[in-house]
Amino acid sequence: MALNLSQKQEVVAELAEVAAKAHSLVAAEYAGTTVEQMTAMRKKARESGVFLKVVKNTLAARAVAGTGFEVVKDALTGPLLYAFSTEEPGAAGRLIKEFAKTNDKLKAKVVSVEGKLLPPAHVDVLASLPTREQALAMLARVLAEPAAMFARAVKAVADKQGGGEVAAEAPAEA
């Protein structure tokens, strides 16, 4: 369906707003993908905080102008599906990688993170980034480990200096 000028301006404004807030962009070739596969991908994208849209490359190039994704303008050729990660940097990469497993026609063509254009193979690296919850869990483990080591050391010293005698007397009283 052809868009008139005002509709094109709305699409460019919407994409520019998303691109300004997004952490990463993955553009993938989608030719040959079925409607059911695209519907499932859109549903998963909404759940995982990914803005997914199929637009003309000229409109996408205008939308990313002035954002960190301006570096991708020259790589936008052919029919592309644009996936912007709005919540976590790796969400778009995980989405494209997951759906590319079941659909050999879906191939990442452009990957961009923080104003850098990366090769399409970096979609795997982007997909392997931890989610926010995973990163916070890793940080908590790292922060808790010194305290746990200290507690084990104190317990070992207490056991060595006679703390074990108190534990042996307790059953005798019962």
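This passage describes the aromatic contacts, the internal cavity and the salt bridges of a predicted model.

Two aromatic pairs were found. In one, Phe51 and Phe84 are tilted, with 6.5 Å between the ring centres and 50° between the planes. Phe51 belongs to strand 2 (residues 50-54) and Phe84 to strand 3, so this pair ties together parts that are 33 residues apart in sequence. Both partners are shielded from solvent. Phe51 is buried at 18% relative accessibility, because the limit for burial is under 20%. Phe84 is buried as well, with a relative accessible area of 2%.

Phe69 and Phe84 form an edge-to-face pair. Their centres lie 5.8 Å apart, and the angle between the planes is 70°. Phe69 sits in the loop between helix 3 and strand 3, whereas Phe84 is in strand 3. The pair therefore ties together parts that are 15 residues apart in sequence. Like Phe84, Phe69 is buried. Ring pairs thus join Phe51, Phe69 and Phe84 into a cluster.

The structure holds 1 cavity of 30 Å³ or more. Its space amounts to about 40 Å³. Phe84 appears again here, in a lining that also comprises Leu15, Leu25, Ala60, Val64, Val72, Leu76 and Tyr82. Helix 3 (57-64) and strand 3 (80-85) are the elements that give two or more residues to this lining. By class, the lining has 8 nonpolar residues, with no polar and no charged ones.

Charged side chains were examined next. The whole structure contains 6 salt bridges. One of them joins Arg94 to Glu88, with an N to O distance of 2.8 Å. Glu88 is buried at 15% relative accessibility. Arg94 is partly exposed, at 24%.

Another salt bridge links Glu145 and Arg152, at 3.1 Å from N to O. Glu145 is partly exposed, with a relative accessible area of 37%.

Lys155 and Asp159 also meet in a salt bridge, with 3.2 Å between N and O. These two residues are 4 residues apart in helix 6 (residues 132-173), so about one helical turn separates them. Lys155 counts as exposed at 53% relative accessibility, because exposure is set at over 50%. Asp159, at 42%, is partly exposed.

Key:
Residues numbered from 1 in each chain as written. Predicted model: local features only at pLDDT ≥ 70, side-chain atom pairs only at ≥ 80, totals over all residues. Heavy atoms only, no water. Salt bridge = Lys/Arg side-chain N within 4 Å of Asp/Glu carboxyl O. Buried < 20%, exposed > 50% of the residue type's maximum accessible area, 1.4 Å probe, protein only. 1 Å grid on protein atoms, 1.4 Å probe; cavity = no way out; pocket = protein on both sides within 12 Å on 5 of 7 lines; lining within 4 Å. Points joined across faces, edges and corners; volume = space filled by probe spheres on them. Nonpolar A, V, L, I, M, F, W, Y, C, P; charged D, E, K, R; others polar. Phe/Tyr/Trp six-rings, centres within 6.5 Å; stacked < 30°, edge-to-face > 60°.
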